[in-house]
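With the model open in your viewer, please follow the stops below in order, making each selection before reading on.

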Amino acid sequence: MSCEAISITSISLHPSRLTPHLYPLTCLLAVICVLVLNACSTPQDHGVAITGPTMGSTFSVSIPVLPEQLSRDELEKQINDILADINQTMSTYLADSELSRINTSSSTDWIPISPRLYAVLSASQQISELSHGAFDITVGALVNLWGFGPPASKQKIPDANAIQELMQWTGYQHIELRASPAAIRKAYPQTYLDLSGIASGYAADCLAELLDSHAISNYLVDISGEIRARGRNTRNQIWRVGIEKPLVDRRDVQTIIALDNLGLTTAGDYRNYFVHKGKRYSHTIDPSTGWPVSHNLSAVTVIDKSAMIADALDTALMVMGPDRAFQFAEEHHIAALFILVDGDKFIQKTSSQFSPALLQ
Ligand code: ADP
Ligand code: MG
């Protein structure tokens, strides 16, 4: 499966590591982390770890052993090139990214797009249709209005009229895609696209594809908590990742999952949010209301072969809320783990597809 032609979720952050050319795709504080459980006892066990800033967050690629013909420096360069290209294509924080140029275009004619952008837009549209608009990249202007995107506007409850105005141009049906030559057409010039709910998963898939192309069969890719894992770690064990409890003030493991040749992504309401009159408003916007979601589902983790699809689905399930999301996951055979808040307790629920993936 080519990364550009795909048809269909660690690390502590340090702002000073961000460089201007890797300006954030998602808000720095928005990151949901997973804990990679790969503790090694001796220095020689460490393998190769390539880490750095990307998309307003960090990435890490862990490989127990590199092929002899491939140097660490060469692989690091290839990884950084791919991530820089994805950022330059999909960031809404970069005024000259390909996506920003579409967002600021007043054209309602076909606009040519790169194969990379087409791949992610078409996957987005498929998940929008599947989820009946729960996942919808046209929420971009609303995301910004609520203060969860660029420019760094104040996070506050917007004026009701402003929400209504933007709702006119919100709706995945207002964009049309053409495969060949790849192009997009907006029904309204004002429609604004935001790929932050899917792009990190896509990036994880791209790095996994790069590693596969080098015949590396043991690796773990982590792009701001969106994971692709294959094979075994330095201790010759299947990779294990810890899913966080949705706590705002500290990090603690809720559950541990073993992963082989799969993607795992998480969406949550506990990192990027603001509180008004005791109520939390998080960065997941319900496209049917223009408001942040309001329910007791605090985090959703999805496992899928494609991290891009898992990433889009985690957002869709967050929008649906606990009951509808569970039903939807069962109906569509989605491997999903839900963490619900009940007072000061967390309730964990898994879909039938997910359960076998849990490590006892
Ligand atoms: P997280 O950042 O918690 O891992 P997501 O994958 O759900 O979670 O990405 C959240 C981002 O997706 C938001 O910051 C926003 O930019 C965008 N977004 C918000 N609501 C939607 C939606 N309904 N559909 C698509 N994208 C959304
Ligand atoms: Mg997502």
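The tour goes from the whole chain to a metal site, then to a group of charged side chains, and ends with salt bridges.

**Whole chain**

Begin with the protein chain in a cartoon view, keeping in mind that this is a predicted model. Colouring by secondary structure should bring out eight helices and 18 strands. If you then colour by burial, 56% of the 360 residues in the protein chain fall into the buried class. Switching to a surface view shows an accessible surface of about 15200 Å², of which 51% belongs to carbon and sulfur atoms.

**The magnesium ion**

Next, select the magnesium ion (ligand 2) and display the residues that coordinate it. Which atoms coordinate the magnesium ion (ligand 2)? They come from Gly197 (O), from Asp311 through both O and OD, from Asp314 (OD) and from Thr315 (OG1), at 2.2 to 2.5 Å. Along the sequence, these donor residues follow the spacing G-x113-D-x2-D-T. Add Asp314 and Thr315 to the selection in a surface view, and you will find that both of these residues are buried.

Why is the arrangement around the magnesium ion (ligand 2) irregular? The six donor atoms subtend angles of 70 to 173 degrees, and the arrangement is therefore classed as irregular. Here a cut-off helps, because six donors count as octahedral only if opposite donors are over 155 degrees apart and all others between 65 and 115.

**Glu244 and its arginine partners**

Now move to strand 9 (residues 239–244) and select Glu244, which is placed in that strand. Is Glu244 buried or exposed? Its relative accessibility is 1%, so Glu244 counts as buried, given that the buried class covers values under 20%.

Show the side chains of Arg251 and Arg271 as well. The Glu244 side chain makes a polar contact with the side chain of Arg251 at 2.7 Å, and another with the side chain of Arg271 at 3.1 Å. Taken together, Glu244, Arg251 and Arg271 are linked in a network of salt bridges.

**Salt bridges in helix 1**

Across the whole structure, a search finds 10 salt bridges, and the remaining stops visit some of them. Select helix 1 (residues 72–90) and show Arg72 and Glu76, which both lie in this helix, four residues apart, or about one turn. These two residues form a salt bridge in which the closest N and O atoms are 3.0 Å apart. Glu76 is partly exposed, with a relative accessible area of 22%, and Arg72 is also partly exposed, at 34% relative accessibility.

Staying in helix 1, select Lys77 and Asp81, a pair that is likewise four residues apart, about one turn of the helix. How far apart are the closest N and O atoms of the salt bridge between Lys77 and Asp81? They are 2.7 Å apart. Both residues are partly exposed, since the relative accessibility of Lys77 is 46% and that of Asp81 is 41%.

**Last stop: Arg250 and Asp252**

Finally, select Arg250 and Asp252, whose side chains meet in a salt bridge with an N to O distance of 3.8 Å. Asp252 is partly exposed, with a relative accessible area of 30%, and Arg250 falls in the partly exposed class at 47% relative accessibility. Before leaving, you may wish to show Glu244 again, which, by contrast, counts as buried at 1% relative accessibility.

Notes: Residues are numbered from 1 along each chain as its sequence is written. Chains are lettered from A and ligands numbered from 1 in the order in which they are written. This is a predicted model: local features need pLDDT of at least 70, side-chain atom pairs count only at pLDDT 80 or more; totals for chains, interfaces and linings use all residues. Side-chain values use heavy atoms; hydrogens and water are left out. Helices (H or I, at least four residues) and strands (E, at least two) are DSSP runs, numbered from the N terminus. Buried means under 20% relative accessible area, exposed over 50%, partly exposed in between (1.4 Å probe, protein chains only). Accessible areas come from the Shrake-Rupley method with a 1.4 Å probe; for residues, only the protein chains shown count as cover. Donors are N, O and S atoms within 2.8 Å of the metal (3.2 Å for Na, K and Ca); water is not among the atoms, so sites may look incomplete. Four donors count as tetrahedral if all angles lie between 85 and 135 degrees; four count as square planar and six as octahedral if opposite donors are over 155 degrees apart and all others between 65 and 115; anything else is irregular. A polar contact is a pair of N or O atoms within 3.5 Å; within protein, one must be able to donate a hydrogen and the other to accept it, and residues adjacent in sequence count only if both atoms are side-chain atoms. A salt bridge is a side-chain nitrogen of Lys or Arg within 4 Å of a carboxyl oxygen of Asp or Glu.
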